[in-house]
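Trainee: I have a new structure to go through. Can we take it step by step?

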Amino acid sequence: MKSTKLLLFLMLLGILKISAQNTALTGSVVDALSNDPIAGARLKLEGTAYIKVSSPDGSFSFDDSSLESAAYILEVSKPGYTVMRIPINLISGQLKQLGQIPIQLDLMKEQIQLATISLSESELSEDQGGTDNIAGLLHASRDVFLNAAAFDFSSTFFKPRGLGSEYGTVSINGLEMNKFFDGKPQWSNWGGLNDLQRNQIFAKGLLPGETTFGGLAGNTNILMRASQYSRNAKVSYAAANRSYKGRIMATYSSGEKPGGWWYALGLARRFASEAYIDGTLYDANSFFISIEKKLNNIHSINFTGFYTPNSRGKSSANTQEVFNLNGRKYNSFWGFQDGEIRNSRIKEVREPILMLNHFWKLSEKIKLNNNIAYQFGSTGSSHFDFGGTRLVNQSDEQQSFIGGGSNPDPSYYQKLPSYFLRFSDNQNYEAAYRAQREFQTNGQIDWLDLYKANASSLINGGNATYVIAEDKVQDKLFSANSILTASINSSLLINAKLKFSHLDSENFSEVKDLLGGTGYLDVDFFSQGDRAQSDLLNPNRIARLEERFKYNFKWKATSADAFINAIIRTQKWDSYAALNLSQTNYQREGLYKNGNFPDNSLGDSEALEFTDYGVKAGTVWKITGRHLLELNAAYLTKAPALKNSFSNSRQNNNVVDGIKSEHIYSADGSYIYRSSFLKARLTGYFTQINDATEISFYYADGLSGLGRNSTTAFVQEVLTGIDKQHFGLEMGAEVQITSTLKLKTAIAVGQFIYNNNPDLKLTSDDFIEAQDYGESKLKNYRIAGGPQRVGQIGFEYRDPNYWWFGTSLNYFSHAFADVSPLARTANFATDSDGMPLLNYDENIARDLLKQEQFDDYFLLNAVGGKSWRIKDYYIGFFMSINNILDELYKTGGFEQSRNANFRTLNSDREREQPVFGSKYWYGTGASYYGNVYIRF
């Protein structure tokens, strides 16, 4: 008995001795109002590599044997909460217990963040001719300038440093969401789940993330893991007048349940029969579930699934003539059918995402996160097809096609007044007046007329003349990765990842609505014989409802990559170096034998392979606690997007000649000042992107060298070897005037230009060989896509009684229309016979080709809100009003490429009202977003 007691006593002494050898820091993070534990809070000992994340019960522990005796600042942060910086002193060999650390909800920041998520998911980019909204990448940032870019600047499609979202990375639970097709995240795949997206880790600019090497425009990892949500339930209703009119959302997270279980649920609906732009419906539902099981102290498994089916009506870009006649809200894509609004161009997204996450704590210093995801479903974009015909057998055994309809778009150029005034010596004023009256009175799609036309064709033994076709994509995407995090010592942290993705993508056109007809003859009305056939293996096919026609092919894409990032943190320096290696493979498989390309459309294409690499490095020099200098640099190559790798994927297997990866180098430098009174950042940056490729589709008139009696064709424009240069300054600052009043300002001055003259080729089913038009003289033209200079001044007031108000005045300038590359080639001065145009005037040509710069403008925005605690309930509201003064401004536009040479363009510009003027999108007028909620 005595020996047993002695043994226990010696063991206790041993444990105490071991414990006493380590310097340690423990505590727990709780909500300041509810006292509930907060999971997923990040705790960082500034000046070291030590970063911890609070466990589901809110607890944390720094107990590394290399933790030194010293004075530290412990930074505690969590999205939606105010940041705390706590000074602490650690003594060698002693345990310091902080107990509970209560952190306050940053209600204003939380509501602005949720509103920004709503903005980024609703301001979708596909209608904007390549302009895309990058707000979703930025709203998790605490940076003053990036906050302004996310909330106040994004409605104008401003892009920090001129970079689109294809140069950033969005991940969910460590799995990258950027698409193979265009390199961009599909925001609507997780739209409507705002309250479940608050837990985010953001790295700005060139910085690598914890789970990804990243690109040039920052990276965001959205944590949608069950254990990272605090226990609560929330119901909210939002009203707006932008892309949707209303949103209902309900979420519930359980917190930890007996047996180590957590779960979280979310439901939402967004809707509008007609939003701000005429005829733009919005119909979206969202479903979310996440379940996590803690198997033991080493392993946890999390399942997350979400499905956000949505449909939205698109809006048209309009010429100045159309705007003058029908205003900023006019949209030519819709009309009334049986008294209901019907939009002919509907974008539908139905792509569920399922993911499984394994969290493995190998040791106190090493963690491994294994993830797999599967995404499937379809996206579709509808439009009119009005080339319906019937087959006629001639007496000489030849076949012909009779029929075809006129373009039903009410803003089609032949229906506008300018068309009847296009000839200066033969202007038909009466017809122009009738066209104007008709357009202003009945300037929408006449659905009844289309049904009547198909009924008439059916009576006469024909097929449908008009149908609604849908371009569909059915993707099956599998992704897997393993992410390693290793704290080597108090100064060195290693992040590494292995990743694999494989895509099987079916792409086809489908008959969505026969508009009263019984079938649609699947031929090209503008061709004859075999060339008219979409599929020579099934000639003269009659396509029925929901059957494929026009084109049908598959894409296969695979990528594998690895990255490693070493981070060194000391009292004076925070530095990193990162390396990335990847391989990407693309291949097309044609399922139709196209009549225009019988030898190069069916079966497999050439396999494309791109091997890429990237290197990044950066450092922060903490001169003092208030003054910091930051430098970042990167060199990387980037595989072209799938859509830019095949010149005409709908009809043939042709790959882009000389396709190669982009070569990119970039650097930035910042001066940062931070104190309790003033926080500021001034950054200068430079980025060079070489060897980019872009493909466009349009109808061109005035082409030379076709070798046939025509100068017109529907073409694919292939622009290769594009070099782009982005440089400028950005600044953000906030001044804490009092404990409740803060002033803020943000400025960006950039220049984003084409830096060379890329090569331009045209392909088409109207000519067999690609037409090489040589260099397109684009050097020093501005890259279109939002304003390149912006400024803001504003203030925020936060009352201790949980109400707040803020306003900002925002200035925008140097936004440009997208230019036509074809009009900047030798074709512009060349006649149809290949000879120089006789009436070509260099001075006039210079004026014709001058890039259009949009007018400068100011936008006044305001936000405000209030919250109350009533026993265990939290009730609040938030309101934002944008463009209070109802300013009219253009968000984007492009030159029509139809006038491809000097003669046709000059003739059009000389008219009082050009027939083929540039087309524009306009910003939303005075708009609001309001949200009320109850949390319990």
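**Helices, a buried arginine and the cores**

Mentor: Yes. Keep in mind that this is a predicted model. The buried residues of H4 are Val144, Phe145, Leu146, Ala148, Ala149, Ala150 and Phe151.

Trainee: Is H4 largely enclosed or open, given residues 144-151?

Mentor: Count its buried residues. Seven of the eight residues of H4 are buried. So the rest of the structure surrounds H4, and the word is largely enclosed.

Trainee: Which residue caps the N-terminal end of H4?

Mentor: Look for a side-chain oxygen beside a backbone nitrogen. The nitrogen belongs to phenylalanine 145, and the oxygen lies 3.0 Å from it. That oxygen comes from aspartate 143.

Trainee: Does arginine 198 count as buried or exposed?

Mentor: Place it before you judge it. Arginine 198 sits in the loop between strand S9 (175-176) and strand S10 (200-203). Buried means under 20% relative accessible area. Arginine 198 has 15% relative accessibility, so it counts as buried.

Trainee: Which residue's backbone oxygen does the side chain of arginine 198 reach?

Mentor: Follow the side chain to its polar partner. The distance is 3.2 Å, and the backbone oxygen belongs to aspartate 195.

Trainee: Where around H10 do its buried residues lie?

Mentor: In H10 (residues 902-909) the buried residues are Phe902, Leu905, Asn906 and Asp908. They cover an arc of only 160° around the axis, so they lie on the same side of H10.

Trainee: Which helix is included in what covers the buried residues of H10?

Mentor: Look at what packs over those residues. The cover includes a helix spanning 842-848, namely H9.

Trainee: Which residues touch the most other members of the largest nonpolar core?

Mentor: That core has 30 residues. H9, H10 and strand S36 (678-701) are among the elements that each supply at least two of its residues. The residues touching the most other members are Leu703, Val715, Leu762, Tyr773, Leu822 and Phe828.

Trainee: How many residues are in the other core?

Mentor: It lies apart from the largest one. Its members include Leu25, Leu45, Phe60 and Leu74. The count is 20 residues.

Trainee: What radius of gyration does the protein have?

Mentor: Start with the length, 936 residues. A compact globule with that many residues would be near 30 Å. The protein agrees, because its radius of gyration is 30 Å.

Trainee: What percentage of the 936 residues count as buried?

Mentor: Use the whole protein here, with its 10 helices and 47 strands. The share that counts as buried is 56%.

Terms used. Residues are numbered from 1 along each chain as its sequence is written. This is a predicted model: local features need pLDDT of at least 70, side-chain atom pairs count only at pLDDT 80 or more; totals for chains, interfaces and linings use all residues. Side-chain values use heavy atoms; hydrogens and water are left out. Buried means under 20% relative accessible area, exposed over 50%, partly exposed in between (1.4 Å probe, protein chains only). Helices (H or I, at least four residues) and strands (E, at least two) are DSSP runs, numbered from the N terminus. A polar contact is a pair of N or O atoms within 3.5 Å; within protein, one must be able to donate a hydrogen and the other to accept it, and residues adjacent in sequence count only if both atoms are side-chain atoms. The arc is that of the directions from the helix axis to the C-beta atoms. Contact means heavy atoms within 4.5 Å. A nonpolar core is a set of buried Ala, Val, Leu, Ile, Met, Phe, Trp, Tyr and Cys residues joined through side-chain atoms within 4.5 Å. The radius of gyration is taken over C-alpha atoms; the globule rule is 2.2 Å times the number of residues to the power 0.38.
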